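Follow the chain with the model open beside the text. The account below takes the sheets in turn, then some residues within them, and ends with a pocket.

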Amino acid sequence: MTFKEKVAELVNIALEERPSLFLIDLSISDSNKISVILDGDNGVNLQDCIDVSRAVEHNLDREEQDFSLEVASAGATSPLKNIRQYRKNLGRTLKVKTAQEEIEAKLTDANDEHIVLEWKAREPKKVGKGKETVEKKAEIPYGDIKEAVVVIKF
């Protein structure tokens, strides 16, 4: 088993013990810098990062392989990469970029194939002058999403 395979296995074991957490990214550089990015259904706290870090670090031998380890949570402005992240953010406003457009709207559904965004827009009236507010809805397959981030409003 290679070093990278062993690290991936240890991370998976640590996450199996914490079902509310899930892996967003695992990277290992040529100099054995291990970077683990986590997210969770209820967020990720410092203790979660410490627990996963210890589960990995205590099962690797520094005499065998020198390494550095960083375990962090996905940042609030990090792009969404995982279907579980979309489900976690139902009801929040997302900024979604596709090849054709950029939409900022409320995430109302996320299933295994696509997300549903809903928003209100001002458009010219069909009859007469002026504008009217219309309800808009878009189903966007995950494959069409170039980037999606949660919009933070204060």
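In this predicted model, five strands make up an open sheet: the 5 strands are ordered E7-E6-E5-E4-E8, and their pairing is antiparallel. The edges of this sheet are taken by strand E7, residues 131-141, and strand E8, residues 145-150; each has a single partner strand, so one side of each is left without a neighbour in the sheet. On average, and with direction ignored, neighbouring strands here are turned by 35 degrees against each other. Strands of a sheet in general pair through backbone hydrogen bonds, either parallel or antiparallel.

At one end of the order, E8 pairs with strand E4, which covers residues 93-98. The two run in the antiparallel sense, and 5 bridges hold the pairing. One residue to look at here is Thr98, which belongs to strand E4. Its bridge partner in E8 is Ile145. Is Thr98 buried or exposed? Its relative accessibility is 13%, and because buried means under 20%, Thr98 counts as buried. Apart from residues up to four places away in sequence, Thr98 touches Ile140, Asp144 and Lys146.

At the other end of the order lies E7, and Glu135 is a residue of that strand. Glu135 has a relative accessibility of 60%, and it counts as exposed because the threshold for that class is over 50%. When neighbours within four places in sequence are left aside, the contacts of Glu135 are with Trp119 and Lys120. Ala121 is also worth locating: it is 14 residues from Glu135 along the chain, and the C-alpha atoms of the two are separated by 6.6 Å.

A second open sheet has 3 strands, in the order E1-E2-E3, and its pairing is mixed. E1 and strand E3, residues 68-73, stand at its edges; each has a single partner strand, so one side of each is left without a neighbour in the sheet. From one strand to the next, the twist averages 20 degrees. Two helices pack on this sheet. Helix H1, residues 3-16, touches E1 and E2, and its direction makes about 165 degrees with that of E1. Helix H2, residues 46-57, touches E1, E2 and E3, and the angle between its direction and that of E3 is about 150 degrees.

Within the sheet, strand E1 (residues 21-28) and strand E2 (residues 33-40) run antiparallel and are joined by 7 bridges. Among the facing residues, Asp25 has Ile37 in E2 as its bridge partner, and Ser27 stands opposite Ser35 in E2. The two strands form a hairpin with 4 residues between them. In the turn, Asn32 has a positive phi of about 60 degrees.

Just past that turn, Lys33 lies in strand E2. Lys33 has a relative accessible area of 38%, which makes it partly exposed. Which residues does Lys33 touch, not counting residues up to four places away in sequence? They are Ser27, Ile28, Ser68 and Glu70. For Ser68, the separation from Lys33 is 35 residues in sequence and 4.8 Å in space, C-alpha to C-alpha.

On the helix side, Ser53 can be found in helix H2. With a relative accessible area of 16%, Ser53 is buried, because the cut-off for that class is under 20%. Setting aside neighbours within four places in sequence, Ser53 is in contact with Leu69 and Val71.

The last feature is the largest pocket, with a volume of about 210 Å³. It is lined by 15 residues, and the closest to its centre are Asp39, Ala74, Gly75, Ala76 and Lys88. By residue class, the lining of the largest pocket divides into 6 nonpolar, 6 polar and 3 charged.

Notes
Residues are numbered from 1 along each chain as its sequence is written. This is a predicted model: local features need pLDDT of at least 70, side-chain atom pairs count only at pLDDT 80 or more; totals for chains, interfaces and linings use all residues. Side-chain values use heavy atoms; hydrogens and water are left out. Two strands pair if DSSP finds at least two bridges between them. Axes are lines fitted to C-alpha atoms, for helices over the stretch in contact, and angles run from 0 to 180 degrees between N-to-C directions. Buried means under 20% relative accessible area, exposed over 50%, partly exposed in between (1.4 Å probe, protein chains only). Contact means heavy atoms within 4.5 Å. On a 1 Å grid over the protein atoms alone, a cavity is a set of points where a 1.4 Å probe fits but cannot get out, and a pocket is an open set with protein on both sides within 12 Å along at least five of seven lines; lining residues have an atom within 4 Å of a point. Grid points are joined across faces, edges and corners, and a volume is the space filled by probe spheres set on the points. Ala, Val, Leu, Ile, Met, Phe, Trp, Tyr, Cys and Pro count as nonpolar, Asp, Glu, Lys and Arg as charged, and the others, Gly among them, as polar.
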